[in-house]
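Q: Could you zoom in on one residue of this model, and then show me how the rest fits around that spot?

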Amino acid sequence: MLRFVLSRLLTFVPTFFGVTLVSFAFIRLLPGDPITLLAGERGISQERYDELAAQLGFDQPLWMQYFDYLAGIFQGDLGVSFVTKRPVLDEFMALFPATLELSICAITLAVLIGIPAGVIAAVNRGKFFDQALMTTALIGYSMPIFWWALLLIIVFSSGLGWTPVSGRMSLMFFIEGPTGFMTIDALLSGQEGAFKSAVSHLILPTIVLATIPLAIIARQTRSAMLEVLGEDYVRTARAKGLAPLRVNGFHALRNALIPVVTVIGLSVGTLLAGAILTETIFSWPGIGKWMVDSIFRRDYQAVQGGLLIIAVIVMIVNLTVDILYGAINPKIRNR
Amino acid sequence: MTPLRTTLAAGAALLALSAGASAQTLIYCSEGSPEGFDPALYTAGTTFDASSRQVYNRLVEFERGTTETIPGLAESWEVSEDGTQYTFKLREGVQFHSNDQFTPSRDFNADDVIFSFDRQGNEENPYNGYSGGTWEYFNAMSMPDLIESIEKVDDYTVRFNLTRPEAPFIANMAMDFASILSKEYADQMQEAGTPEMLNQAPIGTGPFSFVGYQKDAVIRYAANEDFFRGAPEIDNLVFAITPDASVRYQKLQAGECHVMPYPNPADLDAMEQDENVNLMSKEGLNVGYLAYNTQVEPFDQVEVRKALNMAIDKQAIIDVVFQGAGTAAKNPIPPTIWSYNDDIEDDPYDPEAAQQMLEEAGVTDLSMEIWAMPVQRPYNPNARRMAELLQEDFAQVGVDVEIVSYEWGEYLERSKAEDREGAVLLGWTGDNGDPDNFLAVLLGCDSVGGSNRAQWCHEPFDELIQEAKTVADQEERAELYKEAQVVFKEQAPWATIAHSVVFEPVRPEVENYKIDPFGGHIFYGVGLSE
């Protein structure tokens with residue numbers, strides 16, 4: 001097992017350097033540079049341009065800029081945002097809890113509904129429920145997030161008035177820290193109604209962000225279950241006269257979960273990508289919107305720093321999933 | 001207190017306030033997050049809305065809803081005979097805001113004025129390099145060349161010595177970068193080793209004091225009861241940051257905000273019908289134009305440029321490209337600017353006459369490039385579409401058009417070249433409401449090879465605008481600019497296409513809101529009916 005973990009960790013190293021290089025190159029490959037963009041129609045003199053470029057280190061050769069960037073990373077310094085002039089890491093950490101809170105809620109919702117739905121569909125294969133569920137999943141999977149979010153807002157917020165339109169918290173409350181998770185902070189603040197407000201603000205964005213992972217998990221669970229249900233040991237369990245719930249829920253599902261765990265791990269990337277749209281629509285102050293703004297402003301430091309942190313998070317999640325996978329499936333561990 | 005405790009305490013205070021029966025809170029669904037709160041460090045309108053327009057004052061200010069300048073922190077000013085000395089008499093008894101870390105021990109005075117400018121131009125000033133300051137507007141408005149020195153005559157008198165007479169200087173002093181900050185606060189933060197607080201927890205003299213900012217979510221302000229023009233009508237002001245325009249409209253309908261900027265053009269019809277919404281509108285301080293290169297054949301001939309101008313169906317452009325959110329432009333400055341010459345008649349839309357003029361000028365089988373900007377701007381929401389319409393219009397008079405485009409930075413750079421082929425679609429949004437800011441910047445001889453995309457240097461025009469710069473009297477200046485607009489119309493270096501129309505939906509209970517011609521959002525003087 002230790003060897004397995006170590007070998008996984010080793011693959012981490014080249015991936016990490018690959019990510020630093022790609023994130024560094026990606027934003028610089030886009031046409032346009034931040035100084036000209038900042039000046040806009042107003043224009044900027046060559047003299048002033050050179051002065052600013054020197055100040056920002058853009059006059060250095062590219063490899064030099066890259067090595068400065070790398071050196072910074074190992075000192076825990078991701079540079080300073082060109083636009084806000086604040087450290088990239090501070091900016092990221094100020095916003096990340098909001099994205100994390102939303103992502104955790106969304107993945108929880110997706111798992112809690114997706115897995116049982118997939119199991120029920122598999123057990124009732126070919127029947128009405130199975131077909132209805134798989135059609136719904138297909139629709140969910142192909143739904144344009146923008147449209148879906150606006151539809152929910154128009155029906156539930158403007159129409160029925162059940163949920164707030166956007167934001168993280170009613171403007172009546174002013175809650176900041178200590179955890180950055182609004183629901184927890186609202187509870188800690190002890191302000192009456194704050195927790196309820198935080199939860200009501202979470203409902204619609206959670207549904208929207210969960211939609212695609214939910215569809216993927218439901219479909220994956222269904223097909224994994226179908227495979228397992230045909231196995232001999234399941235037939236044996238049935239033949240022993242075990243209750244169907246015990247056969248399906250315990251013997252079959254446990255084995256079917258192995259591929260599903262991988263899918264859940266992979267959907268972390270999907271979630272972070274989906275967060276960009278969801279956060280923009282629901283005015284959710286997370287990293288998705290921040291990344292988009294930074295790309296449009298060609299804020300090199302913010303984009304490369306943000307990409308790097310996100311990539312490392314995805315890598316860590318995948319590593320964890322790999323290790324978990326090894327723990328539940330001995331075949332992998334010993335390979 | 002730590003910043004966290006500070007905001008918590010401030011939040012609690014705000015909550016207590018808003019719990020009172022009479023406390024009124026106005027919520028503005030703003031479109032984005034401010035980059036910081038020191039306006040001189042930035043150039044974005046979103047940042048100015050959150051800082052200079054609520055928290056700070058300037059020596060001179062724009063009267064709300066107009067481009068006219070009125071006294072601000074300066075009660076009055078005098079200009080020397082030669083136009084190079086501006087002496088400002090400062091208002092007495094004005095207090096800066098306080099926060100948990102700072103309580104002013106003295107009133108606003110000349111030291112604050114000198115500090116506010118010195119930090120932008122003087123590299124020795126400890127605040128010159130703070131927050132990575134590059135002072136873009138200060139530089140863009142040529143302040144380093146223009147201001148020779150700033151003298152403190154006494155505690156309430158400040159004199160600016162300029163290197164040359166420059167009548168637009170007064171309007172420049174009303175711009176956001178010229179906001180006055182507290183030197184006392186800056187010194188204290190410097191001593192405490194936290195100079196960036198100046199940019200994060202602003203202290204000003206304005207109608208609203210800063211309470212707290214949760215990044216990308218909410219900004220809170222409280223009314224400044226001691227404001228020198230009188231306390232604001234509302235007690236609290238909240239910016240709820242809402243980047244999506246459709247969502248802003250939903251929030252407005254649901255009563256979650258009172259005022260929203262930048263509606264979706266597609267929503268305008270619905271807003272007009274909506275009884276929860278009062279849709280306000282005003283011409284923007286901008287112009288969208290097509291600049292011919294007047295140095296390249298055959299566009300060096302006035303007749304050719306005139307003829308092409310007559311071939312353009314502006315109304316179709318307003319309908320299709322602006323979807324009604326624009327008005328046809330006949331002058332290079334928008335109608336909200338003083339000295340706008342309304343007597344000028346626009347070139348008629350007459351393709352037949354245009355074709356004949358081209359033939360008379362000996363131009364047949366002309367083919368040309370039209371450059372379409374790759375970005376959206378208020379003065380041109382869809383340059384590609386506009387170029388296509390122009391292509392059709394010009395085809396009517398036998399001119400073949402090829403549409404080209406470049407990445408935005410490239411576009412701006414390449415279009416400056418004096419030997420550039422083709423006509424360029426571009427525009428301008430005014431900085432200070434002064435006609436000089438359009439006419440000299442965009443059409444003056446000094447700007448050829450730069451922001452003068454028509455590469456047009458016409459002496460009779462240039463003499464007028466140069467003279468207007470040296471005259472202090474506004475009426476006299478207005479006459480000169482009106483004449484310059486006549487010359488412009490005769491010479492037609494551009495096809496003036498449109499001025500955008502700014503729409504702002506507000507809720508019916510919002511009273512006395514005025515659209516700012518500069519595109520800002522100002523909440524002093526705004527009230528809420530019960």
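A: Here's a walk that starts at one residue and works outward.

First, some housekeeping: residues are numbered from 1 along each chain as its sequence is written, while chains are lettered from A and ligands numbered from 1 in the order in which they are written. It's a predicted model, with local features needing pLDDT of at least 70 and side-chain atom pairs counting only at pLDDT 80 or more, although totals for chains, interfaces and linings use all residues.

The residue I'd pick is Cys257(B). Is Cys257(B) buried or exposed? Cys257(B) is buried, because 26 other C-beta atoms lie within 10 Å. The cut-offs are these: 20 or more other C-beta atoms within 10 Å of a residue's own makes it buried, 12 or fewer makes it exposed, and anything in between is partly exposed, with C-beta atoms placed from the backbone.

In the fold, Cys257(B) sits in the loop that runs between helix H9 (245–253) and helix H10 (268–273) of chain B. Helices and strands here are DSSP runs numbered from the N terminus (H or I, at least four residues, for a helix; E, at least two, for a strand).

Which residues does Cys257(B) touch, leaving aside those up to four places away in sequence? The list is Ile27(B), Tyr28(B), Cys29(B), Ala240(B), Lys251(B) and Leu252(B). A contact means that the two C-beta atoms, placed from the backbone, lie within 7 Å. For a separation rather than a contact, take Glu225(B): this residue is 32 places from Cys257(B) along the chain, and their C-alpha atoms are 23 Å apart.

Now zoom out to the domains. Chain B splits into domain 1 (23–34 + 206–277 + 507–529), domain 2 (57–200) and domain 3 (286–502), with bounds taken from an automatic or database domain assignment. The centres of domain 1 and domain 2 of chain B, taken over C-alpha atoms, are 27 Å apart. Between these two domains, twelve residues of domain 1 of chain B meet ten residues of domain 2 of chain B. On the domain 1 side of that contact there are five nonpolar, four polar and three charged residues. For these classes, Ala, Val, Leu, Ile, Met, Phe, Trp, Tyr, Cys and Pro count as nonpolar, Asp, Glu, Lys and Arg as charged, and the others, Gly among them, as polar.

Chain B also has a neat little hairpin: strand E6 (residues 147–154) and strand E7 (residues 157–162) of chain B pair in the antiparallel sense over six bridges, where pairing takes at least two DSSP bridges between the strands. Two residues lie between E6(B) and E7(B) in this hairpin. Ser149(B) stands opposite Asn161(B) of E7(B).

As a whole, chain B has 18 helices and 19 strands. Its radius of gyration is 25 Å, close to the 24 Å that the globule rule gives for 530 residues, so chain B is as compact as a globular protein of that length. That radius is taken over C-alpha atoms, and the rule is 2.2 Å times the number of residues to the power 0.38. Along the principal axes, the C-alpha trace of chain B spans about 75 × 55 × 40 Å. Of its 530 residues, 50% count as buried. Among contacts in chain B between residues at least 6 apart in sequence, 70% join residues at least 24 apart.

Next, the partner. How many residues of chain B are in contact with chain A? There are 47, and they meet 38 residues of chain A. Elements giving two or more residues to chain B's side include H9, the helix before our loop, along with strand E10 (236–240) and helix H15 (408–414) of chain B. H1(B) gives the most to that side, with seven residues. By class, chain B's side divides into 18 nonpolar, 18 polar and eleven charged residues.

Chain A has 14 helices and zero strands. Its C-alpha trace spans about 85 × 55 × 40 Å along the principal axes, and 39% of its 335 residues count as buried. Helix H12 (residues 287–296) of chain A is mostly covered, with seven of its ten residues buried, among them Trp290(A) and Met291(A). The buried residues of H12(A) pack against helix H5 (88–123), helix H11 (244–281) and helix H13 (300–328) of chain A.
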